[in-house]
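Trainee: I've got a new structure open and I'd like to learn how to read it. Can we go through a few features together?

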Amino acid sequence: MAHQEGVPAGADDSGRVSLMNDPKARGLVFQALLIIAVIAMVYLGVSNAVANLARAGIASGFGFFSDRAGFDIGQTIIPYTNDSTYLRAFFVGLLNTMVVAVIGIFFATIIGFIVGLARLSKNYLVQKFATVYVETLRNIPLLLQLLFWYKAVLSILPSPREAARETGVEVAFSINNRGLYLPRVIAEDGSSLIFYALAVAIVAWFVIGRWAKKRQIDTGQQFPVFLTGLALVIVLPTLVFFVTGRPLSLEYASLQGFNMVGGWIIQPEFMALLLGLSLYTASFIAEIVRAGILAVSHGQTEAAFALGIRPNLTSRLVIVPQAMRVIIPPLTSQFLNLTKNSSLAVAIGYPDLVSVFGGTVLNQTGQAVEVISITMLVYLALSLMTSAFMNWFNSSVALVER
Amino acid sequence: MDNNSKSIAYVRTQESPTMAPPVSTGGVVGWLKENLFATPRDTVLTILTFLFLLWIVPPVVDWAFISAVWVGESREDCLAPGTGACWAFVEAKFGQFMYGRYPLEERWRVNLSGLLLIAGLVPIAIPSVPYKRENALYLLVAFPILAFILLTGQLGLEPVETPLWGGLLVTLVVAIVGIVVSFPLGILLALGRRSEMPIVKMFCIIFIEFWRGVPLITVLFMSSVMLPLFLPDGVSFDKLLRALIGVALFSSAYMAEVIRGGLQAIPKGQYEAANAMALTFWQGTRLVIMPQALKLVIPGIVNTFIGLFKDTSLVLIIGLFDLLGIVQQNMTDPNWISPATPATGFVFAAFVFFIFCFSMSRYSAYMERRLDTGHKR
């Protein structure tokens with residue numbers, strides 16, 4: 001950069017610089033101009049907006065939040081009726097966005113890691129299959145994939161009646177054009193003990209893990225922590241389940257008239273969004289994982305083999321920890337992308353934040369400025385929170401240098 | 001020699017014939033053993049993948065080719081049970097998918113603009129062709145003006161309103177305007193973010209992080225619903241222009257980050273050398289820094305463009321008919337409505353998007369290999 005100390009061009013004999021050529025003075029002028037321009041633009045925009053809103057008779061301010069919403073939402077996590085307020089509708093949409101984002105991130109990460117490893121496999125068929133998956137899915141727009149799943153796959157499934165003709169009236173698992181029907185777990189008295197048992201098992205897993213690590217450092221003896229933990233988590237709640245007299249029961253969906261009743265319904269919109277988001281993002285995560293593993297120098301593998309470490313342990317103890325350092329920063333931005341892309345839900349009618357708040361609420365109140373700014377700020381906040389969390393996680397695996 | 005052969009009878013006097021390699025290491029069997037059945041785990045994986053392919057490939061091939069309807073006049077031809085893809089639908093609507101409702105007799109103007117674009121793109125994509133600077137100027141300045149005159153109908157040409165535009169034309173217009181505008185804006189923002197002037201730097205950081213933190217769909221909503229409110233009474237932009245403003249602002253933030261990556265990769269010595277030659281900041285940037293930085297980030301720019309190209313499909317949500325939008329609109333045409341139509345239309349649109357994005361990503365990978373002068377194992 002030209003802002004170096006010393007004698008800039010244009011200095012006269014006395015060593016003094018004319019104000020025109022002094023980088024500091026010019027910088028101040030530039031910045032002052034920028035501030036004036038920004039303020040002028042904001043002022044013009046705001047005054048225009050105030051005049052336009054007044055002319056159109058649109059109220060401003062956030063008072064509308066406490067008004068009655070008056071519309072229904074297809075999927076609600078917190079109680080909501082059309083008598084609820086706009087504020088509650090906003091939270092319903094926000095929660096729906098977060099649910100689909102969290103579940104989508106979970107599946108995308110799993111599929112992405114599997115496909116990324118498959119692309120590095122020496123198995124010809126597996127490797128080619130993974131390559132075709134990645135190249136196809138990441139070169140087709142996500143919106144197109146969502147619409148494809150929703151309109152071309154899920155909505156031409158048989159209707160509940162047709163589906164029931166093949167499977168029988170009461171089924172544990174049914175997929176038709178009304179959604180995916182799974183058995184619902186009904187908790188009766190005493191069932192909370194089962195969850196306590198699960199919590200105890202998980203805590204025990206951690207305690208055993210710490211103990212085993214300490215023992216290995218002290219004595220060198222190893223202990224099968226994972227298998228023990230898994231056994232605890234499965235056996236303990238099951239035991240409590242039978243001891244307390246089986247307080248959990250399953251309710252199956254059954255066909256009554258034209259529709260299915262009971263059971264646990266997953267809406268087709270949600271399924272399409274989840275399928276599209278996780279398969280699409282997984283193709284990007286797969287490439288990140290592949291690049292991360294390839295970035296670990298081959299010498300590391302050779303060094304591990306020279307020490308007599310077996311291939312499986314080599315990848316677990318040597319390759320993966322080093323690859324994670326390369327993988328995590330771009331993985332973070334994929335998680336953010338998935339969260340932001342979940343806003344495409346509006347195209348297939350899944351009631352997420354954009355669809356409920358930026359769509360229905362905006363149309364009903366007409367308060368575009370408030371509604372769209374809030375929507376944007378929410379996504380901004382979600383992005384900043386995700387990246388803050390991932391930065392923390394990243395610093396915990398980062399290379400500690402002298 | 002003769003003497004030796006008599007005295008030591010068991011020593012060979014000539015080489016024994018070469019034996020064929022073991023069956024298990026060569027030929028088809030060897031390949032199979034090495035690539036598909038190397039370990040028990042590999043064998044299981046191979047069998048599982050093969051079964052999966054067997055489950056998925058034959059129905060897809062059957063749907064797309066064998067039971068597909070290739071010629072037809074209306075939905076009647078695609079209604080028979082067990083019919084696959086209704087390609088007749090794509091054939092009948094192909095003109096719409098490419099040009100939207102652009103008047104038939106004026107479509108040569110779209111084609112000519114496409115040719116002008118190709119004439120600029122092909123030489124700039126081939127590294128050995130000279131005059132890159134002139135070529136880039138043509139693409140960034142001359143071509144947009146020419147295309148604007150041709151497409152909207154200036155200078156005595158029949159005017160064509162933008163609501164008539166559609167299909168691949170709109171997709172390409174949005175993507176290309178986005179990239180052409182975001183390029184200079186992105187350079188300015190990237191320089192601003194590295195500037196030593198605190199207010200300029202802060203302004204650039206806020207601008208970049210804001211646009212990168214929000215989804216494109218909210219940006220499009222903003223530019224289509226909120227932007228008109230901020231304009232003085234009587235001033236109004238058409239829908240396409242509003243979408244273009246949103247897309248350009250959005251992509252300039254991404255472009256700025258790509259270019260910043262290039263700027264960071266330039267060693268400090270280059271900046272100091274530019275200063276030592278008494279070049280001003282802008283001279284140094286233009287003659288020393290940018291040529292090196294931009295060359296480094298060509299793959300990144302292409303990748304941004306791929307992302308932008310895919311994201312153009314979002315404009316259908318604010319009511320523009322890009323390729324995906326027009327395909328979706330035509331699916332509801334009563335003359336063609338059938339169970340096979342949606343899938344057919346989406347697969348066609350996916351194919352077009354795939355062709356564009358895949359070739360661009362191949363090009364980006366090729367440039368990456370060309371520019372990669374690092375160590376290889």
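Trainee: Which residue is the bridge partner of A:Leu180 in strand 8 of chain A?

Mentor: Keep in mind that this is a predicted model. The general idea goes like this: strands of a sheet pair through backbone hydrogen bonds, either parallel or antiparallel. Here, A:Leu180 has A:Ile266 as its bridge partner in strand 8 of chain A. Strand 3 of chain A, residues 179-182, pairs with strand 8 of chain A over three bridges, in the antiparallel sense.

Trainee: In what order do the strands of that open sheet in chain A run?

Mentor: The order is 2-3-8, three strands with antiparallel pairing. Strand 2 (174-176) and strand 8 (264-266) of chain A are at the edges; each has a single partner strand, so one side of each has no neighbour in the sheet. From one strand to the next, the twist averages 20°.

Trainee: Okay, on to backbone angles. What is phi of B:Tyr131 near?

Mentor: First the background: most residues other than glycine have a negative phi. B:Tyr131 has a phi near 60°, a positive value in a residue other than glycine. Look for B:Tyr131 in the loop between helix 5 (107-125) and helix 6 (132-152) of chain B. B:Ala278 also has a positive phi, near 60°, and sits in the loop between helix 11 and helix 12 of chain B.

Trainee: Why does B:Tyr131 count as exposed?

Mentor: You count C-beta neighbours, and 12 or fewer within 10 Å means exposed. B:Tyr131 has 11 inside 10 Å, so B:Tyr131 counts as exposed. B:Ala278 is exposed as well, with 11 other C-beta atoms within 10 Å. For a contrast, try A:Ile110 in helix 2 (residues 86-119) of chain A: with 13 C-beta neighbours inside 10 Å, A:Ile110 counts as partly exposed.

Trainee: And the two chains, how many residues of chain B are in contact with chain A?

Mentor: People often give the size of an interface as the accessible area lost when the parts come together, but you can also list the residues. In this model, 52 residues of chain B are in contact with 52 residues of chain A. Helix 15 of chain B gives the most to the chain B side, with ten residues. That side divides into 36 nonpolar, eleven polar and five charged residues.

Trainee: Last one: how far apart do the C-alpha centres of domain 1 and domain 2 of chain A lie?

Mentor: They lie 41 Å apart. The domain assignment gives 21-56 as domain 1 of chain A, and 86-183 + 252-397 as domain 2.

Terms used. Residues are numbered from 1 along each chain as its sequence is written. Chains are lettered from A and ligands numbered from 1 in the order in which they are written. This is a predicted model: local features need pLDDT of at least 70, side-chain atom pairs count only at pLDDT 80 or more; totals for chains, interfaces and linings use all residues. Helices (H or I, at least four residues) and strands (E, at least two) are DSSP runs, numbered from the N terminus. A residue is buried if 20 or more other C-beta atoms lie within 10 Å of its own, exposed if 12 or fewer, and partly exposed in between; C-beta atoms are placed from the backbone. Domain bounds come from an automatic or database domain assignment. Two strands pair if DSSP finds at least two bridges between them. Axes are lines fitted to C-alpha atoms, for helices over the stretch in contact, and angles run from 0 to 180 degrees between N-to-C directions. Two residues are in contact if their C-beta atoms, placed from the backbone, lie within 7 Å. Ala, Val, Leu, Ile, Met, Phe, Trp, Tyr, Cys and Pro count as nonpolar, Asp, Glu, Lys and Arg as charged, and the others, Gly among them, as polar.
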